[in-house]
Amino acid sequence: MSSFINDLLLATESCKEEDRKDKINVIKKEISKLKDVINEFTTAKNDELEMFIVPNEKLVEECDELISNMQYLRGYIKNTVNVNLMLSVDELHKFSMDLKETNFGLSLVNHLQEIVKCFKSIENYQSVKEKPYTTAALTLNKLATLVIERNHNIKLLNVYDSIKEEYGRLYEQCTQDLNFFWKQNIFWSDAEVELQSGKSFSLSIKCSKDELADVTQALDYLHKLSRCMESLTAKLNLLIINPIINSSCQINVTDSTLKLEILDKKQVPAIEDVFENLKTFLEFLHDHFDVPLDNDESVFIKLSNLLLENFSTVLIEDCISKIIPTSTTELEKFEFFVRKIEEFQTFLLQIKFISEDHMFLSKYTMDTDKLYIDKKCEKLLESARNIMKKDLHDTFLHKPHIPSIPDAREYQESSDIKKTNLSKNTFQFPECQISKSAQEIVDLLHEILEDACQCLDKYVYRLFYTSRNIIEMYAALVPEIHKSFLETIPQQVALFHNNCIYLSHHLLLLSSKYKYRIPLQSQNFNFVYTDQSVLLRQVGTEYFLNHMKYQRDIIFGIIRESGLSSIGQMPELPVTTEKAIRQCIRQLELLKTVWIEILPVKVYCRTLGCIVNDVVEDLCMKVCSVEDISANVASELAILFDVIIKRVPQVFPDPILIQQHVQKWRKLRELIIVLGASLKEIEDRWADGKGPLANEFNAQSVKQLIRALFQNTDRRSNLLSKIKEK
């Protein structure tokens, strides 16, 4: 089967090969025929072209001749015409320059002619009795354009400086005339009439509205109106607006004069009187200054724009803000004043003193509730600040009393704390001196929270945070106000410490007292003062501890000058030592005098105990550091320290308390014993590290004392060898 297929494929390939050869032969024949046809066509065309070649050569020769002639003509024209053209250009340039000179002269003459006309116009203005100020101002503006702005040509003339000088003279003369007219016709009384309780001012407008319009327009053209208006505005603010708003006044108006009489500078006027007087004043201004200017506004509007800033500020801050209510009763009455304010604002709109974009009164009064609470909180903070400025030494004696403990049911409702049996003294504050100002702060806090319990829910938050602000202000402001006293006077520091702890104590009770009395919706927020209670304690303690260090450093300074450090070099105790020790005792007694009636007993004892303890420790350390102490010095030291033992306990309310509050007191007693003891007695008190001496001194200090007090003997060496660290 496979052989058959192979034979079939071979036969097919052989047939295809024969067909290809036949096709190639046919193609070759066709190519030969095409070559012959092309050769015949090319030969025929060459013959035709030869017929035209010879005539064309003649044409080329004729063209070359024509080109030569043209080049000749072009050279001739160039050499002949260019010479004439140059002569014509020079002549044309000369004519052009003559024309420019003529035009320049003509322009200069016209320019000078316009200037002369302006000068004559102003001369005519000066000769007229009723001067047309606006026309003169326009003429001066035209002159400024001719002489100053368009001066490129005339400034080359020799007369330019004279022209410019003349223009300056005329300008100054005109502005002087305008200013003189302004001062003569808008007249303030120079004499201040002294009345029984104040002064009197008057403003007179002596010219007609037409004359005022002419003058103001002229001033505006000359850019002098703003200066005149600013001067007038300053006087209106100082002499009219401010007195009307801040003092009891009376205004009288005639056709051309407004007179203001200050009846009582210290009396605050009623808001109705203020509005009435301001209406009279503004109507007077409107009647006389409502004259038009070229820029689509009037002199009155221009004056209003200058007055508005001071007018709105003084009216709001010195008048309207003072009638903002600070209690719910006053809040109900305030609606009447709001209507009066709206009526006054309508009047200001009618006379165009303000525009609808600057309705500052309605913007201020649109939220009465916010004004009310802002004013109330501001007044509370101001009251607190005034209290804090009071003297700290104006005090009262606080005696313990049992405050009302909150109902346990409230604790059970608000927390998981179980009811416990509390001592009746748990919430007591100890007896001590407290500044009256601190009690006033406490009373103010209670007043604020009482108001919070009775007011609307939306006010509770502001009142609560105002009470917190008062506490923060106390912690920050009182130390600054009384800074010099707190740095130097121990009574003041003690009182400030007591005040802070006293306020902190009351803050811890405020939440429980008022938490469930405020409106229900406000009971959800964190009504606590714990953080501020901690703040007050920190501030009071910080200042008191700093003063304790200050007092301790005073005593340490006395001890440094006592000569204790040099007793090893002297056979006897220096006189300065006894003097210094007695001075230290007097300093402690002074602290007792100033603190014992002020501080709580426990605080006083801990304070004096801390200072005495540091002093005793310093004395013992100085004695133990001496390398050699003679017998006389040791005896004198023992006597001197015995004075401390007898007198220092007296600075405590009960002398026995010194054992409790001065940890190093026994150490001083042991030191006195060692200074007068024998080696045997020292050994007995050491008692192999178990005796009273070992309880107060370590082995190293005891050895140092033995070496300083006793000579080097076998017995001393034996004792030193027995004294070892525990």
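Student: How many residues lie between E3 and E4 in the hairpin that they form?

Tutor: Three residues lie between E3 and E4 in this hairpin. The model is a predicted one, in which local features need pLDDT of at least 70, side-chain atom pairs count only at pLDDT 80 or more, and totals for chains, interfaces and linings use all residues. Residues are numbered from 1 along each chain as its sequence is written, and side-chain values use heavy atoms, with hydrogens and water left out.

Student: Why are E3 and E4 said to pair?

Tutor: Two strands pair if DSSP finds at least two bridges between them. Six bridges join E3 to E4, so the requirement is met. The two strands run antiparallel, and Ile251 has Leu260 in E4 as its bridge partner. The names themselves follow DSSP runs, numbered from the N terminus: a strand (E) has at least two residues, and a helix (H or I) at least four.

Student: How do you know that E2 pairs with E1 and with E4?

Tutor: Three bridges connect E1 with E2, residues 200–205, and five connect E2 with E4. Each pairing is thereby established, because at least two bridges suffice. Leu203 takes part on both sides: in E2 it is the bridge partner of Trp188, and its own partner in E4 is Leu258.

Student: What makes E1 and E3 the edge strands?

Tutor: The open sheet has four strands in the order E1-E2-E4-E3, with antiparallel pairing. Strand E1 (186–188) and strand E3 (248–253) each pair on one side only. From one strand to the next, the twist averages 15°.

Student: Which helix lies across E1, E2, E3 and E4, and at about what angle does it run to E3?

Tutor: Helix H6, residues 271–289, lies across these strands and runs at about 30° to E3. The angle is taken between N-to-C directions on a scale from 0 to 180 degrees, with axes fitted to C-alpha atoms, for helices over the stretch in contact.

Student: Why is the link between Asp451 and Lys376 called a salt bridge?

Tutor: The term requires a side-chain nitrogen of Lys or Arg within 4 Å of a carboxyl oxygen of Asp or Glu. The N to O distance in this pair is 3.2 Å, so the pair qualifies. The two residues lie 75 residues apart, Asp451 in helix H12 (436–454) and Lys376 in helix H10 (368–388). The count by this rule is 18 salt bridges.

Student: What makes Lys376 buried or exposed?

Tutor: Buried means under 20% relative accessible area, exposed means over 50%, and partly exposed lies in between, with a 1.4 Å probe and protein chains only. Lys376 has 10%, so it counts as buried. Asp451, at 24%, is partly exposed.

Student: How do you know that Lys390 forms a salt bridge with Glu440?

Tutor: The closest N and O atoms of Lys390 and Glu440 are 2.8 Å apart, and the pair therefore satisfies the rule. Lys390 stands in the loop between H10 and strand E5 (395–398), whereas Glu440 is in H12, 50 residues apart. Lys390, at 39%, is partly exposed, and Glu440, at 26%, is partly exposed as well. Elsewhere, salt bridges that share partners join Lys370, Asp374 and Arg462 into one network.

Student: How do you know what span is expected of H12?

Tutor: The expected span is 1.5 Å times one less than the number of residues. H12 has 19 residues and reaches 27 Å from its first C-alpha to its last, close to the expected 27 Å. Its buried residues include Ile441, Leu445 and Leu449. Among the elements that cover them are H10, strand E6 (432–435) and helix H13 (457–481).

Student: Why is Asn237 called buried, and what does it touch?

Tutor: Asn237 has a relative accessible area of 12%, so it is buried. It is found in helix H5, residues 225–246. Leaving aside residues up to four places away in sequence, Asn237 touches Asn242, Pro243, Leu307 and Asn310, where contact means heavy atoms within 4.5 Å.

Student: How many disulfides does the rule count?

Tutor: The count is zero, a disulfide being a pair of cysteine sulfur atoms within 2.5 Å. As for accessibility, Cys207 is buried at 9%, and Cys228 counts as buried at 10%.
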